[in-house]
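Work through the exercises below with the sequence and the model side by side. Try each task before you read its solution.

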Amino acid sequence: MQVGAPKEIAQAKVFKGEKMAGILSRTQNGALFEYDPLYFDEARNDATRAVAYRMPLTSRRYSCSGINLHPFFAGLLPEGLRLEALQSQIKSSRDDMFSILMASRPDIIGDVWISDTGKTPKKPKPIAKLEEVLFDDLFQSSIRAANRSAPSHDLTIAGIQGKISARMISFPVKIRSRNHEYILKLTPKDYPLLVENEAFFMHMAWSCGLATAPVKLVRDRGGNAGLLVRRFDRIYDRPTKRFNRIHQEDACQFLDRYPADKYRIGLSEIAAGIEELSTAPVLEILELLKVTAFSYLIGNGDMHAKNISLITEPGTGRVRLSPAYDLLSTVPYGDLRMAIRMEGRDDNLKLRDFVAFGERFGLRPTVVQQMLDKLCRPARAHIGRVSQIGFEKKVTEQIKKLAVKRIEELTH
């Protein structure tokens, strides 16, 4: 094994934006993170300079045992088949998250990044035109480490969870001459029309008043579909001609929970975390309810805690919900129940349930009712066009029927 291979790395530098913030180390029983003294002295009066919301600036060490990454750093790992492929590629066990993080470090989400050398990771060569490449080749390139060939995305991996997020294929891409960075999502073989599905419902969400990550359905030279998602954790700075990183934490991270808990975290826990950490809690919890209601009415059974994030706005330091992402219907794949439970319930949610939940967090009933009315009004028209996705008629009618029923329940 070559020097610097992921399993050999015992210590790495943690960067926040362009500044080296601290050191992340393996220990015999877990991991240790310690802020760099110079960074701590410089940043101690600015809470936005902390590596994570739950790891405020301090001179003490953050240690964890039994698991070799802290929840925040574990949350930087990719999901789905890219995670499984990286694990297989470096011949690591699932619980050796430190090694997998070292393998996936070139372009992780948010403004925190890891380097064992202290140098900025080499970024992949920009793509001239998506229609001139094969998406499968791009995926394999994204997980290639050391000098070994990476496995294909259609490899069979035993024991993974029977949810879409466990099978999804997504990875960062760069396109030449564009002032944006992107995530490219592909359709796994066991979930047909997944990217077409997500493209339709992401556009529908935007039309229904949700702040969403811009998406576009694209095809490679073989005619294979992909979903190009514009990243909101990267903003192009024209004067410097560089991309600035934006701090982002999903609900597992900002609740100090591991990714394995993403299906166990309830909506009230997420709302409580938003209430504690966000700059304008009432507004953000209303937005959380809007995303939840939209997911419920389209039958999105895979909206879990990693699909809800907080971001810190550069300049203002305002902490708010990120644009919505990963919105699709899981009805075609046999999943009708919500992954995030509202007061212990994952089905048969009514207007009164959303109103009662909002009241717990300071939202007036009329405000919640108006939000649901504004959401559901355009949703009715869009549901009538769901055949555009391409599912067979029986599946299309199932999506329509469920959505119409749930729209009625959220507005009466």
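**Exercise 1: a pair within a helix**

Glu287 and Lys290 form a salt bridge, with 3.6 Å between the closest N and O atoms. A salt bridge here is a side-chain nitrogen of Lys or Arg within 4 Å of a carboxyl oxygen of Asp or Glu. This is a predicted model: local features need pLDDT of at least 70, side-chain atom pairs count only at pLDDT 80 or more, and totals for chains, interfaces and linings use all residues. Residues are numbered from 1 along each chain as its sequence is written, and side-chain values use heavy atoms, with hydrogens and water left out.

Task: Work out how Glu287 and Lys290 are placed in helix 10.

Solution.
- Step 1. Find helix 10, residues 281-298. Helices (H or I, at least four residues) and strands (E, at least two) are DSSP runs, numbered from the N terminus.
- Step 2. Count along the helix: Glu287 and Lys290 are 3 residues apart, about one helical turn.
- Step 3. Check the cover. Lys290 has 16% relative accessibility and counts as buried. The classes are buried (under 20% relative accessible area), exposed (over 50%) and partly exposed (in between), with a 1.4 Å probe and protein chains only.

**Exercise 2: a pair across the sequence**

Task: Which parts does the salt bridge between Arg54 and Glu276 tie together?

Solution.
- Step 1. Take the distance: the N to O gap between Arg54 and Glu276 is 2.9 Å.
- Step 2. Place both residues. Arg54 sits in the loop between helix 1 (37-43) and strand 4 (62-65), and Glu276 in helix 9 (residues 267-277), so the pair ties together parts 222 residues apart in sequence.
- Step 3. Compare classes. Arg54 is partly exposed at 27%; Glu276 is exposed at 51%.

**Exercise 3: the faces of a strand**

Task: Which residues of strand 4 lie on its covered face, and which on its uncovered face?

Solution.
- Step 1. Tyr62 and Cys64 make up the covered face.
- Step 2. Ser63 and Ser65 make up the uncovered face.
- Step 3. Find the neighbour. Strand 3 (residues 30-35) runs antiparallel to strand 4, joined by 4 bridges. Strands pair if DSSP finds at least two bridges between them.
- Step 4. Pick one bridge: Gly30 partners Ser65.

**Exercise 4: the whole model**

Task: How many helices, strands and salt bridges are there?

Solution.
- Step 1. Count elements: 13 helices and 14 strands.
- Step 2. Search the whole structure for salt bridges: 33 turn up.
- Step 3. Add the burial: 58% of the 412 residues count as buried.
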